[in-house]
Amino acid sequence: MTDPLAPFFLGAYGENNDFFEKTLLELVRDHVFWRRNFHPEDEPPIGTHDQYTRAYLDGLARTRHELHQLTAALKRSIPSFHPRYLGHMVSDLLLPGLIAQLVTTLYNPNNIVEDVAPITVQLELEVGRQLARMLGFSVDPAKEPCALGHLTSGGTVANDEALWLARSARLYPLAVLHASTATGIWVPDVPVRPSSSDIELLALESEEVLALARRVSSFCRREPRGAELFRALTTSRVEETGLASFAERHPRLRRMAVLVPGTAHYSWHKAVSLLGLGGANLVEVPVRQGRLDGAALGGALESLRREGRPVLAVVGVYGTTEFGTLYSIHELLAVRRRFPRFWLHVDAAWGGYLPTVFRDRKGHLLPREAVREGFQQFPSERVYRATAALAEVDSVTVDPHKLGFVPFGAGALVVRNRRVLDLVQQEAPYVFTSPPEEDERRYRKLGRYILEGSKPGAAAAACYVNHRVLPLDRDHFGRLLARSVQTCERLVDRIPALGQELAPWVRLVVPFEPDCNLVCLAFNPVGNRSLKAANAFGRRLFETVDVRPDQPVQLKEFFGSSTTVALDHLGAEEVERIGAALQLDLGHPDHSGLFLLRNTLMNPWLQSSPGPGEPSYVEAYFSYLARQIRLLLER
Ligand SMILES: Cc1ncc(COP(=O)(O)O)c(C=O)c1O
């Protein structure tokens with residue numbers, strides 16, 4: 001039977017090259033004809049005779065030479081298209097999106113605003129809606145909240161932007177309080193009153209904040225002293241005063257915390273420093289089994305409450321980079337109900353496309369039993385509930401350039417209520433109350449509402465075409481993701497046998513059971529109890545599967561990646577558990593942490609084999625690792 005995913009990739013061997021070349025050529029020609037037929041009556045600015053001059057030919061030759069130099073150098077790139085590659089979060093690309101991106105680049109649209117990208121800005125907003133539906137958000141413009149998603153250059157910027165929006169929304173009521181106090185103008189029927197305290201206003205729900213913004217905006221527009229209040233409000237907002245002055249007026253904010261898991265991606269450290277929130281206010285909550293759970297979050301929030309520190313935002317992760325774990329988002333939401341409100345963001349840069357496995361063609365969440373078909377364990381009840389809970393969080397980062405299988409340069413931020421963008425927008429002040437049709441139009445001026453400016457419309461076209469060819473449900477895109485999770489289940493299944501086989505040489509441990517499609521392995525040579533020596537061994541093993549710029553990649557059989565988990569971020573219990581499993585003394589962990597070999601199982605053909613009757617790539621990878629381990633230890 002034909003593999004249903006086979007038509008959608010160029011293929012490890014370039015199997016679909018015929019289609020790729022033909023289609024690309026057809027679309028390139030189509031573009032050139034478009035140019036020619038634009039104003040065919042015009043004389044071409046580059047004269048035909050010029051094209052035969054020496055200088056002209058020299059120019060072409062130089063271009064060709066440099067391009068050949070480039071492509072020769074690129075042959076030392078990582079072979080991410082091949083099932084021998086189990087390294088970083090990248091794989092072969094979906095062909096529809098790849099062609100869409102290459103061809104759209106010829107038209108060079110800039111998605112900063114629709115004036116320079118009349119088509120692709122609309123495609124980007126449609127991609128945002130597709131992603132929002134996949135996450136379970138409502139995208140009906142006639143109802144609130146209506147979600148909005150847009151593309152970013154990657155997960156890092158999407159995370160920055162989420163925190164930027166969170167800061168804006170959470171601090172908005174305090175700015176209203178300040179402006180009303182200064183002017184003596186109080187908007188009726190809103191939670192900001194002369195008796196309001198900072199703490200009380202910081203505890204408002206996101207929806208309440210946005211409702212407040214709407215009422216204030218309408219008041220400013222309609223009432224006689226509205227313009228005066230508006231001016232005061234503009235100068236009271238954190239965007240205008242800066243965080244330092246804002247915190248002078250509201251001293252509690254000096255130590256306003258952002259809670260992230262202890263093992264959070266380093267983009268969060270960048271985000272807090274960028275926004276002036278300060279690395280010291282990034283509170284790292286210890287994870288258990290590679291996950292931040294409700295109990296740990298509740299404990300951390302309780303301590304902050306006792307210290308009188310407000311919480312700006314909490315970050316949950318749906319698909320951790322180091323462990324392939326998915327947090328119990330439902331538990332984080334339950335904890336949020338017990339505490340003063342905070343912005344709940346989910347960093348699903350890695351796992352963001354997994355919900356495709358959970359949705360039917362109409363976008364409804366399938367029952368867990370239906371999702372389970374074809375898997376051994378996935379999804380656990382916990383993972384199922386976590387996925388369903390995504391619909392209730394404030395914002396989600398999703399990276400199409402990871403599990404969306406599009407070229408790099410495509411992250412995404414999806415917010416549950418698009419009105420929050422109005423708080424940071426750089427346009428007309430009174431836009432809060434515009435009717436839905438007008439809303440639809442004004443968000444097309446994307447650059448005014450988001451962190452980035454000029455951005456490639458080609459990335460939007462790539463995502464859009466992929467999502468049209470393979471809609472974001474279980475029967476289409478979900479198949480690709482299901483394949484990836486199934487491969488991981490097979491790989492994890494093989495680990496005990498590999499552990500047995502290697503028992504005379506090393507202890508092999510999966511420190512964190514993965515929830516999806518990424519698994520890390522830790523090694524310790526038998527008899528060794530030192531972390532340093534175990535890490536040194538791990539690094540030597542990794543050298544057998546890493547890419548070196550000075551080595552042809554063809555010399556390597558397989559490719560993996562690595563990560564280091566900081567043990568002091570895990571909590572004592574976890575360190576003890578991992579130490580016991582690896583038979584390592586982790587009592588005084590050094591700061592280098594524990595070195596792990598990381599395997600990302602994206603390639604759809606990892607379960608196929610290099611030849612008839614041969615073991616699959618995944619099995620061959622393990623045999624290769626086993627051989628290398630023995631070689632290293634026997635040496
Ligand atoms: C969980 C998580 N968040 C954020 C990022 C940053 O994404 P990007 O590299 O696209 O900026 C990554 C990247 O691996 C990630 O895994």
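On the surface of this predicted model, V28, W34, L106 and Y107 come together as a nonpolar patch, and their joint accessible area is about 360 Å². Two elements each give two or more residues to the nonpolar patch, namely helix 1 (17-36) and helix 3 (95-107). V28 belongs to helix 1, and it counts as partly exposed because its relative accessibility is 33%, which lies between the limits of 20% for buried and 50% for exposed residues.

From the surface we can turn to the ligand. Its surroundings comprise 14 residues, of which G155, T156, T321, D347 and H401 come nearest. Helix 5 (residues 155-183) makes the greatest contribution to this shell, giving 3 residues. Several side chains place polar atoms beside the ligand: in D347, an N or O atom of the side chain is 2.7 Å from a nitrogen atom of the ligand, while a polar side-chain atom of H401 lies 2.8 Å from an oxygen atom of the ligand, and a polar side-chain atom of D399 is found 2.9 Å from an oxygen atom of the ligand. Taken on its own, the ligand has 390 Å² of accessible area, and the protein covers 84% of that.

Helix 13 (residues 329-338) shows how a helix can be covered by other elements. Its buried residues are I329, H330, L332, L333, V335 and R336. The cover over these buried residues includes helix 12 (294-307) and helix 15 (381-389), together with strand 4 (311-317) and strand 5 (343-348). In an α-helix there are 3.6 residues a turn, so residues three or four places apart point the same way.

Charged pairs form the next topic. Side chains of opposite charge can pair when their charged atoms come close, and a search of the whole structure finds 33 salt bridges. One of them joins the side chains of R419 and E144, with an N to O distance of 2.9 Å. This pair links distant parts of the chain, 275 residues apart, since R419 sits in the loop between strand 7 (411-415) and helix 16 (436-442), whereas E144 sits in the loop between helix 4 (120-135) and strand 1 (148-152). R419 counts as buried because its relative accessibility is 9%, while E144, at 39%, counts as partly exposed. R419 also forms a salt bridge with D422, in which the closest N and O atoms are 3.8 Å apart, and both D422 and R419 are buried. These residues belong to a network of salt bridges that links E144, R214, R419, D422 and R442.

A further salt bridge brings together the side chains of R368 and E381, at 3.2 Å from N to O. Because R368 lies in helix 14 (residues 368-372) and E381 in helix 15, the pair ties together parts that are 13 residues apart in sequence. E381 is partly exposed, with a relative accessible area of 43%.

The backbone deserves attention as well. E144, already met in the salt bridge with R419, is joined to P145 by a cis peptide bond with omega about -5°, and P145 lies in the loop between helix 4 and strand 1. Another cis peptide bond joins F378 and P379, with omega about -10°, and P379 is in the loop between helix 14 and helix 15. F405 has a positive phi of about 55° although it is not a glycine; this residue lies in the loop between strand 6 (395-398) and strand 7 and counts as buried because its relative accessibility is 2%. For Q583, also a residue other than glycine, phi is positive and near 55°. Q583 is located in the loop between helix 20 (572-582) and strand 11, and with a relative accessible area of 37% it is partly exposed.

The last stop takes in two residues further along the chain. P610 lies in the loop between strand 11 (594-600) and helix 21, and its relative accessible area of 37% makes it partly exposed. The C-alpha atoms of P610 and R84 are separated by 9.5 Å, although the two residues are 526 residues apart along the chain. Apart from neighbours within four places in sequence, P610 is in contact with R84, P615 and Y617. Q628 has its place in helix 21 (residues 617-634) and counts as buried because its relative accessibility is 13%. When residues up to four places away in sequence are not counted, Q628 touches L541 and T544.

Terms used. Residues numbered from 1 in each chain as written. Predicted model: local features only at pLDDT ≥ 70, side-chain atom pairs only at ≥ 80, totals over all residues. Heavy atoms only, no water. Patch = residues over 30% accessible without salt bridge, like charges linked within 9 Å, V, L, I, M, F, W, Y side chains within 5 Å. Areas by Shrake-Rupley, 256 points an atom, 1.4 Å probe, with all protein chains shown as cover. Salt bridge = Lys/Arg side-chain N within 4 Å of Asp/Glu carboxyl O. Helix = DSSP H or I, 4+ residues; strand = E, 2+ residues; numbered from the N terminus. Buried < 20%, exposed > 50% of the residue type's maximum accessible area, 1.4 Å probe, protein only. Contact = heavy atoms within 4.5 Å. Near = heavy atom within 4 Å. Polar contact = N/O pair within 3.5 Å; in protein donor to acceptor, adjacent residues only side chain to side chain.
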